[in-house]
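Okay, everyone, thanks for coming. Let me put the structure up, and then I'll walk you through what I'd look at.

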Amino acid sequence: MVKIQLETPFKAGLQLRRYPVNKNETLQAWDSADELLLEHLAQQGPDALKGKRILIINDQFGALSCALQGFEMTTYTDSYVAARAMELNSRGAVKPIHDLKELSGKYDLVLIKLPKNASFFEDCLAHLTKHLSSGSQVISASMVKHMAKASFDHLQKYIGTTTTSLAEKKARLIFAPFQKGPVDSPYPIHVEMDSFEVKFVNHSNLFSRERLDIGTRFLLENIPAGDFKTILDLGCGNGILGIQARKRNPLAKIIFSDESAMALQSAKINFERQFPESAASAEYHWTNCFEDQTPDSVDLVLCNPPFHQQNTIGDFIAWQMFTDAQKAMKVGGLIRVIGNLHLGYDAKLKRIFGNSKVAASNPKFMIIDSKKYK
Ligand SMILES: C[S@@+](CC[C@H](N)C(=O)[O-])C[C@H]1O[C@@H](n2cnc3c(N)ncnc32)[C@H](O)[C@@H]1O
């Protein structure tokens, strides 16, 4: 049985679960970097956090935000999965913000769970420079194996001189007092994409933000045209699949969904830049996979599934995406999925839909179709 109770120096017996909640869960909702950071804060003395404006960035499932709920604390995440976990684990008391533009005023103490994506970390730090004063402290926490040189470089560039804690249970803290001035973030970036005349606007936390992914390119070449009234771009990233689908099916409504708020912001900007006259014919859903959506409402689903959520690798997200898609599809609807040959999405789709067939393949990727018959 996985441990769900975290004893912290600030709150005893925190009950923390991952999201989506799964009774057979084998992974804990916190790691020793969370514990090390909370221990460090407690060692500063009982009044060290009192009266301080605290900002938490990229908390995973709420270990930090739930423990520090009693203080003047704001928590920012780009992830719907993390935001839902924080809300559920705090019984609604923690309400994360999910846009860096919502940062306000000056923060005395910033606690960051190092993200896997160094560009996203850089974007967060650049935004922070406008919300720190001299005397503000930034403490980043991570498992040692996930600490990259780029994290130190970005901290030194945007915040100040870094020092580290001793490693404990394979976790470490990086301390940086604010010594720099305000700067603008280099994100979002404008990127040319193959045959698209209008450049794409890519936020920092996007999949393949600097260039077109080769799997995406292959699926782009194989977007169907037909009698599709509603098309879902599931796990949309910058929205390129939905945008291409709209080009091939000019009367269709496009639904973009992703668990990254930045992905949806990019998809929205990109759709509106590509089709300035048709902004109203798209919807944007910040959600986990496509859970709790209207059943029997979608004619075509396009999906290039992720194979990790932050540092957790696995096919659990693809499974949920396919089962959520199946519920949302109309009878007669089609799902078209791309994956590396070894991922075996054809077998998964066959288990869910009762059928699957290869629509196209190349030496690296396979595009698989399944239909909903009942
Ligand atoms: C491989 S990328 C594909 C992006 C884009 N469709 C493309 O082909 O370039 C997978 C996308 O799934 C999103 N994603 C990851 N976990 C998710 C989840 N639990 N629910 C919804 N979207 C998720 C990621 O944010 C990412 O944008």
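One bit of vocabulary before we start: here Asp, Glu, Lys and Arg count as charged, Ala, Val, Leu, Ile, Met, Phe, Trp, Tyr, Cys and Pro count as nonpolar, and the others, Gly among them, go down as polar. And keep in mind that this is a predicted model.

So, the ligand. There are 20 residues around the ligand, and the closest are Thr 216, Gly 235, Gly 237, Glu 259 and Asn 304. By class, that shell splits into nine nonpolar, eight polar and three charged residues.

Now zoom out. The domain assignment gives us domain 1, residues 5-177, and domain 2, residues 189-371. Going by C-alpha atoms, their centres sit 31 Å apart.

How do the two touch? On the domain 1 side, 17 residues are in contact with 14 residues of domain 2. Two elements give two or more residues to that side of domain 1: helix H3 (80-89) and helix H4 (118-128). H4 gives the most, with four residues. That side of domain 1 has five nonpolar, six polar and six charged residues.

Last stop, the cores. The largest nonpolar core has 53 residues, and the ones touching the most other members are Leu 16, Leu 37, Phe 61, Ala 63, Val 110 and Leu 125. Take Phe 61: beyond its neighbours within four places in sequence, its contacts include Leu 16, Tyr 19, Trp 30 and Ala 85, and Arg 18 and Asn 89 are on that list too. Apart from that core lies another one of 51 residues, among them Ile 231, Phe 256, Val 298 and Met 366.

Methods: Residues numbered from 1 in each chain as written. Predicted model: local features only at pLDDT ≥ 70, side-chain atom pairs only at ≥ 80, totals over all residues. Near = placed C-beta within 6 Å. Core = buried A, V, L, I, M, F, W, Y, C linked by C-beta atoms within 7 Å. Buried ≥ 20, exposed ≤ 12 C-beta atoms within 10 Å, placed from the backbone. Contact = placed C-beta atoms within 7 Å. Domains from an automatic or database assignment.
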